[in-house]
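User: I want to learn how to read pockets, cavities and ring pairs from coordinates. Can you walk me through one case?

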Amino acid sequence: MHHLIKMKLPLFLCLIICFTSHTAAQGVEPPVPVLISETYTEHYIYETIDVPDVDFLEVTSSNDHGHYAGNTKNKDGKLIGFTLIDGQLTTYDVPDSLQTTFYGLNNAGQAAGFYIDQDDISHGIILQDGALVEWNFPDALNTQIFGITEDGQVVGDIIDANEVVNGFVGEMHFDVPGATTTFVDHINASGVIVGSYIDAEEKYHGFIKYPDGSIADINVPGLPNPEYIFVNAINDSGVIVFRAKAPNDIARSYVLHPNSQPLELQYPGSVETVLRDIDMDGNVTGYYDMPDGRRHGCVVRPTSKADAERFNNVFHTDLTKGLNMLSIPLESTQPMTARSLAGLAGATFVIALDADNQSFIGWTPNAPNDGFPIEGGQGYIVNVPQPRSVIHVGAHWMNKGPVAAAPNSVLTTIPRETWAFVVSGQLKGTQNFNGYQIAVRNLRTNTVMAAQVQDNYFVSATADLNYQSVVQVGDTLELHVTDTNGNIASEKFSFEVTPTSLANAVLSVNLDGIGKPQGNRLLQNYPNPFNPETWIPYQLSEDSPVSVTIYDSTGKLIRELSFGLQTAGFYHSHGRAAYWDGKNTLGERVASGVYFYRLGTPSFQQTRRMIVLK
């Protein structure tokens, strides 16, 4: 369909708009174009919109709150809709459809678009309160929604069985007089409608329809037979976003201010840029394609001449498949975090060096936060599953020295060993595990990675800057969890490094049952042998009254330690384990020899041996 096509226009061409008044009633003459000669000098800065683990992010609409809607692909390559609200990506897919797409988003968070069923029929959809509601133009075979107003009115196209396209606004037909085909894309708060049409000579035109019924025509005088011109959006200030394509050229996108010539906007370094929407502040949103095949969302913001000049530097980085050492050559307009770097680079993780503690800290896309800030003059390790092309747009860092570990902004590694690795995961359960400590031991190398739990999430990272392997397929990684007081808080977890986790340099795990053992258990006392005191560790899988009884080698009762009702948990540390001071019930120290201790609950008993040695 025409709205899925990208387009272009030579920059030197000027736009024609008709300001002659016309009514929208049937039978009036078609618009007559009038040349615009004034020039609008607006300056812009470019920002990318990325989501980690998403290589196809087609932003098609935005609202005044900085939220976005558009299309992405699922794991099977199917086109599905998404919303990006406060950084949270949510996808939408009509079951059994060929594709589900969004092209409109209002300030109430309603997204609108259409899905295509198994018979290749289009049906309009509106996202309301988290659910997709089907909305079809009355008696239309195909309905495709491309815009939605603040009060929920939709605009778009209807297509009949002969593939004839007509526009609609709400439940009313809308066609440009004299047009054989009319596409309606957007309506602003003032009721101004924009779109495109094809005339009787099969030529494309853009149009603006005002509330008084007059229509302004948009043409390209130096382009007599464009492949297409699509006018996608207009804000309340009358600023228009449109795109067009000349024969044998790429698609190009433009912004047009009132009484001005069009200004081409292209994301620096991109293969092609498609801009589709504009908010009340003049921020233009869309997407761009990179040579590596990824599609990124983008926002182009109006700014001062000074800021535009400062942030107009461009640096291109090529990342090889696997592990790369990277420094960020330019400061972006918005502060960069581990999340935004992972999205830009398409990385499975980001690792930074904590210089104060001389340790590595990591971040993965399943983290509940944005991670650590990305700074100039610092080196970062990223792992990418495929070769990546990365475009940095921004200003030169101020007072940032070079990074010895990553000269010339990127150091790709020739060795294929896994010289950096991350273990990350979630702690399951209703308990808040913030502050818990995770220790990950490689049983082959006996090296340990440590991490602290935040928001029930942890990530432990390690790296060898001499590019020597830190992990191999088949390695067993043993995880220990301790609580904020240093007490053991879980059974030992063991995970094997698989070829997949090695390829991604990430092992993702879920730790369940934290704080609750799998079963009751009595452990060996420590120290053993002992004199004069010892601690007896145990664990409970359920709340129970607990006692520990001590006998000598003849079976004579020496001492009974009663602890009352104990909650389920691990009683291993000095502060929680059963304590025996080596004395009998009379307060006398016992003689050297072999003794037995028994843990007793209403449903469990277990006995072990210990030695008193003087």
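Analyst: We take empty space, then one loop residue, then ring pairs.
This is a predicted model, where local features need pLDDT of at least 70, side-chain atom pairs count only at pLDDT 80 or more, and totals for chains, interfaces and linings use all residues. Residues are numbered from 1 along each chain as its sequence is written, and side-chain values use heavy atoms, with hydrogens and water left out.

User: How do I read empty space, and what is the volume of the largest pocket?

Analyst: Rolling a probe the size of a water molecule over the atoms shows where empty space is left. The grid is 1 Å, over the protein atoms alone; in a cavity a 1.4 Å probe fits but cannot get out, whereas a pocket is an open set of points with protein on both sides within 12 Å along at least five of seven lines. Points join across faces, edges and corners, and volume is the space filled by probe spheres set on them. Here the largest pocket has a volume of about 830 Å³.

User: Which residues lie nearest the centre of the largest pocket?

Analyst: Lining residues have an atom within 4 Å of a point. The largest pocket has 32 of them, and T48, I49, D50, Q334 and S340 lie nearest its centre. Strand β2 gives the most to this lining, four residues. At least two residues each come from β2 (43–49), β25 (295–303), α2 (338–345) and β32 (388–396). Helices (H or I, at least four residues) and strands (E, at least two) are DSSP runs, numbered from the N terminus. By class, the lining has 15 nonpolar, 11 polar and six charged residues. Ala, Val, Leu, Ile, Met, Phe, Trp, Tyr, Cys and Pro count as nonpolar; Asp, Glu, Lys and Arg as charged; the others, Gly among them, as polar.

User: How many cavities of 30 Å³ or more does the search find?

Analyst: Two, across the whole structure. The largest cavity holds about 70 Å³ of space. Its lining includes F421, R441, M449 and L477. Strand β35 (residues 437–442) supplies the largest share of that lining, three residues. The split is six nonpolar, three polar and one charged. The second largest cavity holds about 30 Å³. Among its lining residues are F530, P532, R589 and K614.

User: Now a single residue. Is D370 buried or exposed?

Analyst: In between: D370 is partly exposed, at a relative accessible area of 42%. Buried means under 20%, exposed over 50%, and partly exposed in between (1.4 Å probe, protein chains only). D370 sits in the loop between β30 (359–363) and β31 (380–384). The side chains of D370 and R339 share a polar contact of 2.9 Å. Such a contact is a pair of N or O atoms within 3.5 Å; within protein, one must be able to donate a hydrogen and the other to accept it, and residues adjacent in sequence count only if both atoms are side-chain atoms.

User: How are ring pairs described, and how many aromatic pairs are there?

Analyst: A pair of aromatic rings is described by the distance of the centres and the angle of the planes. Rings of Phe, Tyr and Trp (its six-membered ring) pair if their centres lie within 6.5 Å; planes under 30 degrees apart count as stacked, over 60 as edge-to-face, the rest as tilted. This structure holds 23 aromatic pairs. F114 and F146 are edge-to-face, because their planes lie at 65 degrees, with centres 5.7 Å apart. F114 lies in strand β8 (residues 111–116) and F146 in strand β11 (residues 142–148), so the pair ties together parts 32 residues apart in sequence. F114 is buried, at 1% relative accessibility.
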